[in-house]
Amino acid sequence: MKTLRLIGATLLMVVLCVNFAACGDDDDDNPIVGTWKSEVADNYGYSESFTFNADGSGMWQEFKDNKQTDSESFTYAIDGNKITLTWSDGETYTSTFSISGNRLTIKDNEDSETYVKI
């Protein structure tokens with residue numbers, strides 16, 4: 001009888017250890033989390049950055065000559081390779097995205113923009 005209790009207690013300990021090891025921080029698995037800055041400024045010298053937080057919130061910022069000229073907050077949701085941004089004014093925008101190394105490409109119809117993680 002003592003042997004069965006010992007085996008049962010040992011199995012319980014193993015199951016608990018596996019359970020705790022499987023409960024890691026899943027936010028690290030979201031590769032879009034972080035700040036991404038446009039790789040190239042537009043024809044007028046403006047560049048932009050997106051900051052994606054682990055909680056689904058974010059911030060867009062526009063820069064000219066390395067000075068912030070505009071910003072707006074948003075929330076985002078990811079479904080496969082689709083990202084939906086809901087801006088602070090309620091406007092929703094959905095496009096496809098891909099991440100390769102430290103580059104994020106957001107594609108909308110025939111337009112695409114590439115950002116570098118900073």
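Me: Which strands each supply at least two residues of the lining of the largest pocket?
Reply: Strand 2 (46–52), strand 5 (82–87), strand 6 (92–100), strand 7 (103–108) and strand 8 (111–117). Strands are DSSP runs of E, at least two residues, numbered from the N terminus. A pocket is an open set of points on a 1 Å grid over the protein atoms alone, where a 1.4 Å probe fits, with protein on both sides within 12 Å along at least five of seven lines; lining residues have an atom within 4 Å of a point.

Me: Ground rules for the model?
Reply: This is a predicted model, where local features need pLDDT of at least 70 and side-chain atom pairs pLDDT 80 or more, while totals for chains, interfaces and linings use all residues. Residues count from 1 along each chain as its sequence is written, and side-chain values use heavy atoms, without hydrogens or water.

Me: Which strand gives the most to that lining?
Reply: Strand 8, with four residues.

Me: And which residues lie nearest the pocket's centre?
Reply: Glu48, Phe50, Trp87, Tyr93 and Tyr115, out of 16 lining residues.

Me: How does the lining divide into nonpolar, polar and charged?
Reply: Eight nonpolar, two polar and six charged. Asp, Glu, Lys and Arg count as charged; Ala, Val, Leu, Ile, Met, Phe, Trp, Tyr, Cys and Pro as nonpolar; the others, including Gly, as polar.

Me: Back to Phe50. What is its bridge partner in strand 3?
Reply: Trp60. Strand 2 and strand 3 (residues 57–64) pair antiparallel over seven bridges. Pairing takes at least two DSSP bridges.

Me: What do the eight strands form?
Reply: A closed barrel, 1-2-3-4-5-6-7-8, with antiparallel pairing.

Me: How confident is the prediction for the chain?
Reply: Mean pLDDT (the predictor's confidence in each residue, from 0 to 100) is 82, and 76% of residues reach 70 or more. Residues 1–12 fall below 50, with zero contacts beyond near neighbours in sequence. Contact means heavy atoms within 4.5 Å.
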